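Trainee: I keep meeting labels in this model, and I would like to know what stands behind them. Could we go through a few together?

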Amino acid sequence: PPRSTLFPYTTLFRSIESAGLRQIANPIIGQPRAAKALRLGVGIKSEGFNIYASGMAGSGRLTAVKIFVEEPAGKEPAPCDWCYVNNFKDPYQPTKLSLPTGRGNSFRKEMKDLIRDVWQSLFKAFESEEYANRRLKVISEFEEQQAKAISLLSDRAKQESLMLKQTPWEIITIPMIDGEPLSDEQFSELPQWQQDDLHKKQDNFLEEIKIKLSELRKLEKEVNRELGKLEKDVAIITISSRIDDVANNYKQEPLVLDYLKDVKNDILDNLAEFLLAHKSQGSADVQRGNNFLNRYEVNVLVDNSGLKGAPVVIEHNPTYSNLLGRVEKESYMGTMITDFTMIRKGSLHAANGGYLIIRVEELLRNYFSWNSLKRALKNKEILIEEAGEQYGFLTTKTLKPEAIPLKVKVILIGLPVYYHLLFSYEPEFKGLFKVKADFDSEMARDPSGVAEYSRFVQYTCLNESLTGPDAEAIARVVEYGSRLVDDQQKLSTRFGDIADILREANHYAREENSVHIAGKHIRKAIEEELYRSSLIQEKLNELIKSGQLFIDVKGEKPGQVNGLSVIDLGDISFGRPNRITCSVSVGKEGVIAIEREAELSGPIHTKGVMILSGYLAEKYSRNCPASIVARIVFEQSYSEVEGDSASSAELYSILSGLSGLPLKQGIAVTGSVNQKGEVQAIGGVNEKIEGFFEVCKLMGFTGEQGVLIPAANLQNLMLKEEVVEAVSKQKLTIWVVDTIDEEI
């Protein structure tokens with residue numbers, strides 16, 4: 001008979017409570033296989049030993065994996081910080097910098113202070129009296145030479161009866177007679193030969209002017225070079241000491257030292273722009289992003305200063321950008337602009353040096369995500385680029401940051417079907433995810449497993465600030481865990497469902513101002529959850545009670561039996577009886593399933609009907625053929641019939657029809673049969689029994705009603721207390737059988 005194991009465990013739970021075991025539950029409850037695989041995957045740092053955590057939804061895989069990896073992650077060193085800085089040689093390819101853990105932000109501040117300090121120092125140096133005197137000396141010498149050259153030209157011009165006049169753009173010659181310059185009118189009144197003579201003198205002298213001006217331009221360039229050298233010398237002396245102060249803090253970082261050298265050279269090459277940009281720092285152009293000083297900023301991509309150990313990152317939305325990062329853009333005067341300061345990290349950057357947990361369903365749902373993750377793991381680097389660039393769709397010029405080395409352990413969480421699909425159709429999957437952590441949907445119901453269940457219940461209540469459970473409440477949760485898997489020796493690992501029952505029971509406990517979640521609150525939560533989803537079941541039972549669906553639970557009839565089926569609506573599964581009838585006549589066709597002829601029979605049901613023909617032939621027609629036609633049908637069934645759990649019921653209807661002996665309508669039957677007449681186990685035995693119980697309760701108990709089930713399903717009986725009570729009062733009987741003959 002079905003048994004209730006509720007109260008024998010209360011003593012154990014009280015002993016657990018008295019022992020003070022209200023501690024954090026083991027994150028991998030009842031999963032020794034998965035725990036061993038995770039331990040292996042986390043321990044091996046070799047390439048390709050990433051993990052696929054396979055299991056059904058609701059089994060707590062994500063939480064369990066997160067808690068499991070946090071312990072070893074806490075013992076590992078925190079990874080370094082990563083920054084992007086300007087590549088002065090090619091701004092479209094920003095340079096990466098690796099810094100010791102927690103030094104990224106301090107380096108950014110040091111660079112900001114350095115640039116401000118350099119500008120102030122340069123400003124003071126160029127405003128100093130010493131620099132002004134040295135500059136004035138160079139300029140004065142040039143002006144002296146320039147004035148002397150102009151004076152010599154002027155004297156030479158007078159000898160040629162010409163006067164020099166210097167304009168802002170050029171030096172021109174004006175003809176003179178008797179030491180007086182001629183106006184245009186006076187010049188035009190001269191004889192032609194004299195005009196030609198003066199023109200000739202002007203042309204000849206202009207050649208001398210060009211030569212002299214060329215010499216002056218060379219001298220001016222030389223002076224400018226000397227002034228530039230003076231500026232650079234002053235700047236070098238001013239800048240070097242300040243950059244050296246910063247460099248002394250990063251002697252062990254050669255990339256940082258190289259970057260500081262590049263900064264120094266760039267400031268020296270762009271002194272004018274540097275000084276001007278700092279002066280106009282608050283202008284509108286700067287606010288719109290047109291700031292020359294942005295080139296010296298440090299973009300801290302990954303800051304691990306707050307980490308104590310390796311990072312553990314869960315990416316809930318693994319889009320391409322969220323995984324690999326992106327380069328943001330902003331609008332400036334109708335144009336989209338960007339630079340290295342707009343590079344943003346992805347979850348691979350955040351998890352670099354640690355662990356990245358992703359739901360495989362979300363990963364495969366996003367375009368480019370799987371291929372980009374696979375490429376990053378294969379190449380051991382994170383390359384930030386536009387998604388379209390991978391396939392040649394992007395033609396506009398954009399940034400291509402230097403790739404960052406990748407060292408991460410990726411853990412995919414998903415259903416078993418996705419693992420098998422990837423394993424079969426993705427050639428590189430096996431090489432990248434070599435460890436499979438298989439989470440079982442059930443665990444053993446032994447003292448150890450029950451104790452783990454108790455710890456989980458208590459931890460959930462503590463962690464979510466729920467009212468504490470008493471011993472009976474925990475016992476009922478254990479019973480519910482066995483019911484979820486339909487097995488007296490097993491417990492469900494669908495801890496999400498268990499936690500939901502606790503949360504609802506807590507609601508009812510607080511409504512009553514109870515100091516504990518009691519057993520009655522757990523029972524109410526289970527019953528209310530079932531009630532909220534049982535509308536369809538109630539409507540079907542009403543149709544049976546009103547006589548619109550033909551179900552007899554009293555009397556005897558030949559060729560007619562009540563089979564049991566399960567309707568699964570997702571949120572609820574419930575059983576319902578189905579009338580199965582058989583008509584028998586003389587013929588050669590044998591057993592005919594009307595559902596199969598009407599194409600309403602699934603392949604498993606068709607197989608079950610064909611097995612019936614084999615059983616009848618061996619049992620009753622071994623020596624001579626049977627000339628019969630037996631037509632079996634599920635009455636009032638208008639959808640496809642699938643499964644073989646009704647094959648024993650169909651067999652009884654055939655035997656009753658052949659013999660003319662009636663069957664008791666108060667006995668419902670479930671179980672599949674093989675060709676040797678053995679009754680085999682079926683699924684949903686609890687729902688089937690409870691479904692028939694509900695119909696009998698509606699139609700009235702006679703004391704002769706019951707259900708025939710396979711003996712192999714005895715351990716699966718986890719019935720509702722109402723049904724257990726009805727069995728104990730002999731309102732309903734459950735028989736277990738091994739063979740058809742015994743069942744007859």
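Trainee: Why is lysine 45 called partly exposed?

Mentor: Buried means under 20% relative accessible area, exposed over 50%, and partly exposed in between, with a 1.4 Å probe and protein chains only. Lysine 45 has 47%, so the label is partly exposed. Keep in mind that this is a predicted model: local features need pLDDT of at least 70, side-chain atom pairs count only at pLDDT 80 or more, and totals for chains, interfaces and linings use all residues. Residues are numbered from 1 along each chain as its sequence is written, and side-chain values use heavy atoms, leaving out hydrogens and water.

Trainee: What makes lysine 45 and glutamate 76 a salt bridge?

Mentor: The rule asks for a side-chain nitrogen of Lys or Arg within 4 Å of a carboxyl oxygen of Asp or Glu. Here the N to O distance is 3.1 Å, so the pair fits the definition.

Trainee: Why does this pair tie together separate parts?

Mentor: Lysine 45 lies in the loop between helix H2 and strand E1, and glutamate 76 in the loop between helix H3 and E2, so the joined parts are 31 residues apart in sequence. Helices (H or I, at least four residues) and strands (E, at least two) are DSSP runs, numbered from the N terminus.

Trainee: Aspartate 552 and arginine 579 also meet in a salt bridge; what is the N to O distance?

Mentor: That one is 2.8 Å.

Trainee: And is arginine 579 buried or exposed?

Mentor: Its relative accessibility is 11%, so arginine 579 counts as buried.
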